[in-house]
Amino acid sequence: MSGLLRIRWAIAPQIAPRPLLNCNRCGGVKPYRCSGKFRVNANGKRIDAWLIYRCTGCDNSWNFTIFERCNRRDIEPALLAAFESNDPALAQRHAIDAVALRTRSGQIEEFHDVTVKKEPLDGRPEGATALWLELRLDAATPLRLDRLLAGELGISRSRLQTWQERQLLAIEPDGAKALRRPARDGTAVSGEADRNAIAAAACG
Ligand SMILES: [Zn+2]
């Protein structure tokens, strides 16, 4: 279809969530920050791996369990080497996993800041009159879809709402309800848009 610009937005949390833990040294609930270091216990057949967090008040440590008592045969040697060498990309991948972190720690502090990498799939911004956006998220963000779209397209949230009410905007799955929820992996947003929004959707 001519005039349609298809773009993929790869969205990643900019700041990793922090577990809120009762620090027995500080004597109260404190955010803990990721140290970027793993602790691996690889004696015998069983392997444990934890990502180490430190209290922001006193440096007390807390272990975020990645796996426990795992059979050595079930772990790729390259993955084990990455844990043992504190591979930064591996540490980051676990540190941004808000769901797992919340399960282990009970309570977390999340941040709304995200980075958005925009990758045109099909069509050209020049002369485009409609947009089709595909959202890709490797990790959860608390950022609402309407705030993400308004910020990245350079439009107000009320304008977005109007587009939605006039059915100029389609969101799959969940339609309008998705606007007020955190942006999710696999969401597709499409609709007619003006030149400024189209330019903003494609770059920056
Ligand atoms: Zn502390």
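# Talking through the terms

Me: Which residues is Trp9 in contact with, leaving aside its neighbours within four places in sequence?

Reply: Here's the list: Val116, Lys117, Lys118, Leu133, Glu134, Leu135, Arg136, Leu148, Leu149, Glu152, Leu153 and Ala201. Keep in mind that this is a predicted model. "Contact" is the right word because heavy atoms have to lie within 4.5 Å.

Me: What makes Trp9 stand out in the largest nonpolar core?

Reply: The number of other members touched. Of the 30 residues in that core, Trp9, Leu131, Leu145, Leu148 and Leu149 touch the most other members.

Me: Which helices and strands each supply at least two residues of this core?

Reply: On the strand side there are β1 (4-13), β7 (114-122), β8 (130-137) and β9 (169-172). The helices are α4 (145-153), α5 (157-165) and α6 (195-202). Apart from this core lies another one, of 23 residues, among them Cys23, Tyr32, Leu51 and Ile75. As background, nonpolar side chains tend to be buried together in soluble globular proteins.

Me: Why is Gln164 called buried or exposed?

Reply: Set the value against the cut-off. Buried means under 20% relative accessible area, and Gln164 has 17% relative accessibility, so Gln164 counts as buried. You'll find Gln164 in helix α5. Leaving aside neighbours within four places in sequence, Gln164 is in contact with Leu169, Ala176 and Leu179.

Me: And Gly151, how do you know whether that residue is buried or exposed?

Reply: Use the other end of the scale. Exposed means over 50%; Gly151 has 57% relative accessibility, so Gly151 counts as exposed. This glycine lies in helix α4. Gly151 and Ala200 are 49 residues apart in sequence, yet their C-alpha atoms are 9.6 Å apart in space.

Me: How do you know which residues coordinate the zinc ion?

Reply: Look at the distances. A donor must be an N, O or S atom within 2.8 Å of the metal. The SG atoms of Cys23, Cys26, Cys55 and Cys58 coordinate the zinc ion at 2.3 to 2.4 Å, so these sulfur atoms fit the rule. Along the sequence, the donor residues follow the spacing C-x2-C-x28-C-x2-C.

Me: Why is the arrangement around the zinc ion called tetrahedral or irregular?

Reply: Check the angles. Four donors count as tetrahedral if all angles lie between 85 and 135 degrees. The four donor atoms here subtend angles of 101 to 117 degrees, so the arrangement is tetrahedral. For reference, the ideal angle for four tetrahedral donors is 109.5 degrees.

Me: What does the pair Cys26 and Cys55 tie together?

Reply: Parts that are 29 residues apart in sequence, because Cys26 sits in the loop between β2 (18-23) and β3 (28-41), while Cys55 is in strand β4 (residues 46-55). At 30% relative accessibility, Cys26 counts as partly exposed, whereas Cys55, at 1%, counts as buried.

Me: What makes β2 and β3 a pair of strands?

Reply: The bridges. Two strands pair if there are at least two bridges between them, and four join β2 to β3, which run antiparallel. Asn22 stands opposite Val29 in β3. Four residues lie between the strands of this hairpin, where Gly27 takes a positive phi near 75 degrees.

Me: How many bridges join β3 to β4?

Reply: Seven, and these strands run antiparallel. The bridge partner of Val40 is Ala49 in β4.

Me: What makes the phi of Asp59 worth a remark?

Reply: Phi of Asp59 is near 75 degrees, a positive value in a residue other than glycine. Most residues other than glycine have a negative phi. Asp59 lies in the loop between β4 and β5 (61-71) and, at 38% relative accessibility, counts as partly exposed. Asn86 also has a positive phi, near 55 degrees, and lies in the loop between α1 (77-84) and α2 (88-95).

Me: How do you know what kind of peptide bond joins Glu172 and Pro173?

Reply: Omega is about -5 degrees, and the bond is cis. Pro173 is found in the loop between β9 and β10 (188-192). Most peptide bonds are trans.

Terms used
Residues numbered from 1 in each chain as written. Predicted model: local features only at pLDDT ≥ 70, side-chain atom pairs only at ≥ 80, totals over all residues. Heavy atoms only, no water. Core = buried A, V, L, I, M, F, W, Y, C linked by side-chain atoms within 4.5 Å. Buried < 20%, exposed > 50% of the residue type's maximum accessible area, 1.4 Å probe, protein only. Donors = N, O, S within 2.8 Å, 3.2 Å for Na, K, Ca; no water. Tetrahedral: all angles 85-135°; square planar, octahedral: opposite > 155°, others 65-115°.
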